[in-house]
Amino acid sequence: MRRAEHARLYRTLAERAGPQLRARLAELLQVPADRRVSELERLRTAPTRASGRVMVAELHRVAEIGGLGAGAVVTEPVPAVKLTALARYGLASKAPTLRDLEGDRQAATLLATVRHLETSSVDDALSAPEATWCRCRICTPATIPSISAVSATRPG
């Protein structure tokens with residue numbers, strides 16, 4: 001019973017994604033010749049430093065993830081908890097593991113993963129300036145309330 005339910009879930013998401021998006025998502029599992037990690041790994045890696053260059057790179061990362069188009073896919077009949085579970089699996093797995101998944105399951109997992117990355121990359125980009133301000137000693141007793149107020153207004 002559960003296996004049939006999962007197959008139906010994967011098929012629904014894969015059909016909603018369409019062949020063009022499925023191909024773009026599958027390309028994320030490839031490792032470019034001049035790199036050591038897959039494109040998916042590069043996109044899901046959050047920044048580790050805080051600087052102006054990192055902030056610009058984060059904004060490019062947000063645009064690249066958003067440009068894939070996974071957020072435009074209507075996932076309405078699929079429960080959010082199922083999408084979250086698929087995204088969690090996709091974020092925790094390495095590219096070779098995801099490459100070995102059956103077609104519909106691979107497409108559904110990558111779709112959920114990229115949809116999750118759309119929101120988490122925005123969060124990462126919004127927290128980069130906050131970390132940069134603190135590192136540059138802008139965080140003084142007078143500015144900390146204003147920085148906290150900006151952070152509190154962020155959605156999510």
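Does Glu 58 count as buried or exposed, and at what relative accessibility? Glu 58 counts as buried, because its relative accessibility is 5% and the cut-off for buried is under 20%. This is a predicted model, and the report below starts from its overall layout before returning to Glu 58.

## Overall layout

The protein chain has 156 residues, and 34% of them are buried. Its secondary structure consists of seven helices and zero strands. Read from the N terminus, the order of elements is α-α-α-α-α-α-α. Take the contacts between residues at least 6 apart in sequence: 72% of these join residues at least 24 apart.

## Helix H1

Helix H1 covers residues 2-27. Its end C-alpha atoms are only 29 Å apart, whereas a straight helix of 26 residues would span 38 Å. Where does H1 bend? The bend is at Gly 18 and amounts to about 100°. A proline, Pro 19, follows within four residues.

Gly 18 is also one of the buried residues of H1. The others are Leu 9, Tyr 10, Leu 13, Ala 14, Ala 17, Leu 21 and Leu 25.

## The nonpolar core

In soluble globular proteins, nonpolar side chains tend to be buried together. Here the largest nonpolar core has 27 residues. The residues with the most contacts inside this core are Leu 13, Leu 25, Leu 28, Leu 40, Leu 86, Leu 111 and Val 114. Five elements are named as giving two or more residues to the core: H1, helix H2 (39-44), helix H4 (80-92), helix H5 (95-99) and helix H6 (103-135).

Val 114 shows how distant parts of the sequence meet. Beyond its neighbours within four places in sequence, Val 114 contacts Leu 25, Leu 28, Ile 65, Leu 68 and Ala 70.

## Two threonines in H6

Thr 109 is in helix H6, and so is Thr 113. Thr 109 is buried, because its relative accessible area is 0%. Thr 113 is likewise buried, with a relative accessible area of 0%.

Which residues does Thr 109 touch, not counting residues up to four places away in sequence? They are Leu 86, Tyr 89, Gly 90, Leu 98 and Leu 101. On the same basis, Thr 113 touches Leu 40, Leu 86, Ala 87, Gly 90 and Leu 91. Leu 86 and Gly 90 appear in both sets of contacts.

## Glu 58, Pro 47 and Arg 42

Glu 58 lies in helix H3, residues 52-67. Leaving out residues up to four places away in sequence, Glu 58 touches Pro 47, Ser 121, Asp 124 and Ala 125.

Pro 47 sits in the loop between H2 and H3. Pro 47 counts as partly exposed, because its relative accessibility is 30%. With residues up to four places away in sequence set aside, Pro 47 touches Val 54, Glu 58, Arg 61 and Asp 124. Asp 124 is thus a contact of both Glu 58 and Pro 47.

Arg 42 is part of helix H2. At 27% relative accessibility, Arg 42 also counts as partly exposed. Its contacts, again without residues up to four places away in sequence, are Arg 35, Val 37, Arg 61 and Glu 64. Arg 61 is touched by Arg 42 and by Pro 47.

## C-alpha separations

The table gives four residue pairs, with their separation along the chain and in space.

| Pair | Apart in sequence | C-alpha to C-alpha |
|---|---|---|
| Pro 47 and Ser 121 | 74 residues | 9.7 Å |
| Thr 109 and Leu 98 | eleven residues | 8.1 Å |
| Thr 113 and Ala 92 | 21 residues | 9.8 Å |
| Arg 42 and Leu 28 | 14 residues | 9.2 Å |

## The largest pocket

What is the volume of the largest pocket? It is about 160 Å³. The lining consists of His 6, Leu 9, Tyr 10, Lys 82, Ala 85, Leu 86, Tyr 89 and Arg 105. H1 and H4 each supply at least two of these lining residues. The largest share, four residues, comes from H4.

Several lining residues recur elsewhere in this account. Leu 9 and Tyr 10 are among the buried residues of H1. Leu 86 is one of the residues with the most contacts inside the largest nonpolar core. Leu 86 and Tyr 89 are both touched by Thr 109.

Technical notes:
Residues are numbered from 1 along each chain as its sequence is written. This is a predicted model: local features need pLDDT of at least 70, side-chain atom pairs count only at pLDDT 80 or more; totals for chains, interfaces and linings use all residues. Side-chain values use heavy atoms; hydrogens and water are left out. The expected span of a helix is 1.5 Å times one less than its number of residues. The bend at a residue is the angle between axes fitted to the seven residues ending there and the seven starting there. Buried means under 20% relative accessible area, exposed over 50%, partly exposed in between (1.4 Å probe, protein chains only). A nonpolar core is a set of buried Ala, Val, Leu, Ile, Met, Phe, Trp, Tyr and Cys residues joined through side-chain atoms within 4.5 Å. Contact means heavy atoms within 4.5 Å. On a 1 Å grid over the protein atoms alone, a cavity is a set of points where a 1.4 Å probe fits but cannot get out, and a pocket is an open set with protein on both sides within 12 Å along at least five of seven lines; lining residues have an atom within 4 Å of a point. Grid points are joined across faces, edges and corners, and a volume is the space filled by probe spheres set on the points.
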